[in-house]
Amino acid sequence: GNITFTMIKPDAVAENHIGGITQMIEEGGFRIVAMKKTKLSEERAGKFYEVHKERPFYGDLVKYMSSGPIVAMILEKDNAVEDFRKLIGATNPAQAEEGTIRKKYAKSIEANAIHGSDSDENAKIEGDFFFSADERF
Ligand code: GTP
Ligand code: MG
């Protein structure tokens with residue numbers, strides 16, 4: 001697949017890392033197809049992360065993701081989903097490799113700066129959650 005979806009999470013937006021993270025994304029060879037700053041309500045954050053609703057951290061995750069504005073983007077590149085997961089690094093920043101976005105910007109396993117879709121199917125679902133056709137270029 002050539003498309004993935006990402007969000008710069010509330011901690012990274014609050015600390016003025018939108019520019020630094022977006023620079024790493026573009027220098028990583030991704031083209032920004034769609035981009036917006038918005039804030040998720042608890043209800044919408046709960047819906048976005050519904051796949052995790054049985055996990056013990058779900059409640060905390062939903063509160064965190066609705067705690068402040070995020071920046072959502074659709075990104076294009078060959079092999080986008082897999083290559084973007086490599087660029088962001090491990091979920092837990094303590095395990096993230098040097099040169100990854102999470103190594104540089106993540107603060108904890110929860111406040112880990114950035115989201116990346118885990119499959120082509122979810123990339124489409126997640127992109128459609130935020131963007132209409134006339135917001136994509
Ligand atoms: P995303 O790209 O955001 O989907 O992260 P991921 O795919 O690397 O991790 P996963 O989908 O397993 O978890 C989704 C998000 O839940 C993570 O990015 C974290 O913000 C949060 N999370 C994951 N594991 C934990 C945990 O053990 N504790 C807490 N508090 N949050 C967690
Ligand atoms: Mg995930």
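Start by selecting ligand 1 in this predicted model. Around it you will find H52, F57, D60, L61, T91, I109, E110, N112, H115, G116 and D118. Helix 4 (58-65) and strand 4 are the elements that give two or more residues to this shell. Colour the shell by class and you should count 3 nonpolar, 5 polar and 3 charged residues.

**Stop 1: the annotated positions**

Keep ligand 1 on screen and add the positions that UniProt marks. An unreviewed UniProt entry places the feature "binding site" at K9, F57, R85, T91, R102 and N112. For "active site", UniProt, again in an unreviewed entry, lists H115.

Select H115 next. H115 sits in strand 4, and it is among the residues around ligand 1. Is H115 buried or exposed? H115 counts as buried because it has 21 C-beta neighbours inside 10 Å, and 20 or more is the cut-off for that class. Leaving out neighbours within four places in sequence, the contacts of H115 are T6, M7 and K9.

That last contact takes you to K9. Look for K9 in the loop between strand 1 (3-8) and helix 1 (10-14). K9 is buried, since 26 other C-beta atoms lie within 10 Å. Which residues does K9 touch, leaving aside those within four places in sequence? They are M65, I70, A111, N112, A113, I114 and H115.

Now jump to R102, in helix 6 (residues 101-105). R102 counts as buried too, because 24 C-beta neighbours fall inside 10 Å. Beyond four places in sequence, R102 is in contact with I88, G89, A90, P93, A96, N112, A113 and I114. With K9 and R102 both selected, look for N112, A113 and I114, which appear among the contacts of K9 and among those of R102.

**Stop 2: A113 and an unusual backbone angle**

Zoom in on A113, in the loop between helix 6 and strand 4. Most residues other than glycine have a negative phi. A113 is not a glycine, yet its phi is positive, at about 75°. A113 is buried, given the 28 other C-beta atoms within 10 Å.

There is another positive phi to visit, at N79. N79 is not a glycine either, and its phi is about 55°. Find N79 in the loop between strand 3 and helix 5 (80-88). Is N79 buried or exposed? N79 is exposed, because just 11 other C-beta atoms lie within 10 Å, and the exposed class takes 12 or fewer.

**Stop 3: the sheet**

Switch to a cartoon view and pick out the strands. In what order do the 4 strands lie in the open sheet? The order is 2-3-1-4, with antiparallel pairing. Strand 2 (31-38) and strand 4 (114-116) form the edges, each pairing on one side only. From one strand to the next the twist averages 15°.

Walk across the sheet from strand 2. Strand 2 runs antiparallel to strand 3 (residues 70-76), and 7 bridges join them. Select M35 here and you will see M73 of strand 3 standing opposite.

Next comes the pairing of strand 3 with strand 1, which is antiparallel and has 6 bridges. Click on I3 to find its bridge partner in strand 3, E76. Strand 1 is mostly covered, with 5 of its 6 residues buried.

Finish the walk at strand 4, which pairs with strand 1 in the antiparallel sense over 3 bridges. Here M7 stands opposite H115, so you are back at the residue that UniProt lists under "active site".

**Stop 4: a helix across the sheet**

Show helix 7 (residues 120-130). Helix 7 lies across strand 1, strand 2 and strand 3. Its direction makes an angle of about 55° with strand 1.

**Last stop: E26**

Select E26, in helix 2 (residues 18-27). E26 counts as exposed because it has 12 C-beta neighbours inside 10 Å. Then add E135 and draw a distance between the two C-alpha atoms. How many Å separate E26 and E135, which are 109 residues apart along the chain? Their C-alpha atoms are separated by 19 Å.

Note on methods: Residues are numbered from 1 along each chain as its sequence is written. Chains are lettered from A and ligands numbered from 1 in the order in which they are written. This is a predicted model: local features need pLDDT of at least 70, side-chain atom pairs count only at pLDDT 80 or more; totals for chains, interfaces and linings use all residues. UniProt positions are given in the numbering used here, feature names are shortened, and annotations may be inferred rather than shown by experiment. Two residues are in contact if their C-beta atoms, placed from the backbone, lie within 7 Å. Two strands pair if DSSP finds at least two bridges between them. Axes are lines fitted to C-alpha atoms, for helices over the stretch in contact, and angles run from 0 to 180 degrees between N-to-C directions. A residue is near a molecule or strand if its C-beta atom, placed from the backbone, lies within 6 Å of it. Ala, Val, Leu, Ile, Met, Phe, Trp, Tyr, Cys and Pro count as nonpolar, Asp, Glu, Lys and Arg as charged, and the others, Gly among them, as polar.
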